[in-house]
Amino acid sequence: MRLYIILMLCLFAFCTLKIIKKSELLTINNFDTKNTLPLRGILAILIVLHHTLFFTKNANLFIHYAYTQFIIWGALIVGVFFFITGYGLTFSIINKGKSYLSGFFYKRIIKILIPAIIATLLFQAGEIYSGQFSFSKIISNLSQGILPLPNSWYVVAIVYFYIAFWFCFKHLSIKHAIILMWFLSLLYIFIIKYFLKFEHYWWISTFALNIGMTVAYKEPKIKEFICKKPKVGLFATFLFFLIPTTYALTNSQTELDLPLGDIPIYWTTPAVLAIIIYYMGVAKNKILDFFGKISYEIYLTHGIFMMWYSKFSQNWLLYIILTYISTIIIAYLLHKLCNQINKKLIKK
């Protein structure tokens, strides 16, 4: 939590300095691909670090302390991805109209599923090779919300929200569609948490998608307000960060190593980051852009190598290096392969 607070305070400090230096009207940046691509690159790097620290948390005191600082980052990072998705979907439908829904299932769902299926086959091939494959184990795990590919619950969740988005915006106005999406998110959480009784990671970040949709819908008014009253806008954003953070610090109860008081942070921080980007933008960086382009494939494949290299987990540095190198290489190859598959499907 300390690391999270320090980083957020630094971002607010930079924003404050920018406002002080600007004597003329503040230039508002866009929460577009130019700015979200390097952000996704940063998130991809951090999600791997978060999970590898979990596997190596008992290696030594330094790693254990690092893990305690990164414990909230997994759900937080996924929350930002959900926010970007919700924002992007809503921004597109607002600017392109109902025509955006034409071919939506291929443009969104099939492109999500193809790399996920390939990554699953790769992981299960490794399980067969190592003699650990068990069909009955897969079926048993599915009933507990454990999928045949590590960390791939996100794929199921995002497919649900894509289908919900298509249904809502196909039949309703943008305003009413966004409202219905909030209810469908509540339904998702109810089914996952109380009916299927899957683990907390299935649902704790998902409301960030709805907040992303709401921000996209209200974006013109948000930008207008920030442009006219940048100091007030930044102070309001700071309160949006401060209130849930204070709540988290005063509600330290845990469940399965998860600080439940942190849950509001997973929903609000992505919106705070979006508004900070309005103020500051994101520095252009080719390396981060590269990671951003393959961020989904990094998310899909890093769990494979975490499992395969688990015997090295006590040698934390070797484990983390091997996981990063293997993940980046395979994620890049998977990205290229899926692009070729998509091009062939488009031609047909």
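In this predicted model, N151 is located in the loop that joins α6 (135–142) to α7. Its backbone carries a positive phi of about 70°, although N151 is not a glycine. Most residues other than glycine have a negative phi. With a relative accessible area of 22%, N151 counts as partly exposed, because this value falls between the limits of 20% for buried and 50% for exposed residues.

A positive phi is also found at K197, again a residue other than glycine, with a value near 60°. K197 belongs to the loop between α8 and α9 (207–228). K197 is exposed: its relative accessible area of 65% is over the 50% limit. The two residues are set out below.

| Residue | Loop | Phi | Relative accessible area |
|---|---|---|---|
| N151 | between α6 and α7 | about 70° | 22% |
| K197 | between α8 and α9 | near 60° | 65% |

The helices α7 and α8 pack against each other. Two packed helices are described by the angle between their axes and the distance between the axes. For α7 (residues 153–171) and α8 (residues 174–195), the angle is about 145° and the axes lie 9 Å apart. The crossing of this pair is right-handed.

Which residues of α7 and α8 meet? On the α7 side they are A157, Y160, F161, A164, F165, F167, C168 and F169. Their counterparts in α8 are I174, A177, I178, L180, M181, L184, S185, L187 and Y188. By class, the contact of α7 with α8 consists of 16 nonpolar residues and 1 polar residue, with no charged residue.

The protein as a whole contains 14 helices and 2 strands. Its C-alpha atoms fill a box of roughly 65 × 55 × 45 Å along the principal axes. The radius of gyration is 21 Å, which agrees with the value near 20 Å that a compact globule of 348 residues would have. Buried residues account for 49% of the 348 residues.

Contacts in the chain can also be sorted by sequence separation. Of those between residues at least 6 apart in sequence, 80% link residues at least 24 apart. The exposed surface of the protein comes to about 17700 Å², and carbon and sulfur atoms contribute 70% of that area.

Key
Residues are numbered from 1 along each chain as its sequence is written. This is a predicted model: local features need pLDDT of at least 70, side-chain atom pairs count only at pLDDT 80 or more; totals for chains, interfaces and linings use all residues. Side-chain values use heavy atoms; hydrogens and water are left out. Axes are lines fitted to C-alpha atoms, for helices over the stretch in contact, and angles run from 0 to 180 degrees between N-to-C directions. Helices (H or I, at least four residues) and strands (E, at least two) are DSSP runs, numbered from the N terminus. A crossing is left-handed if the near helix is turned anticlockwise from the far one by less than a right angle, and right-handed if clockwise. Contact means heavy atoms within 4.5 Å. Ala, Val, Leu, Ile, Met, Phe, Trp, Tyr, Cys and Pro count as nonpolar, Asp, Glu, Lys and Arg as charged, and the others, Gly among them, as polar. The radius of gyration is taken over C-alpha atoms; the globule rule is 2.2 Å times the number of residues to the power 0.38. Buried means under 20% relative accessible area, exposed over 50%, partly exposed in between (1.4 Å probe, protein chains only). Accessible areas come from the Shrake-Rupley method with a 1.4 Å probe; for residues, only the protein chains shown count as cover.
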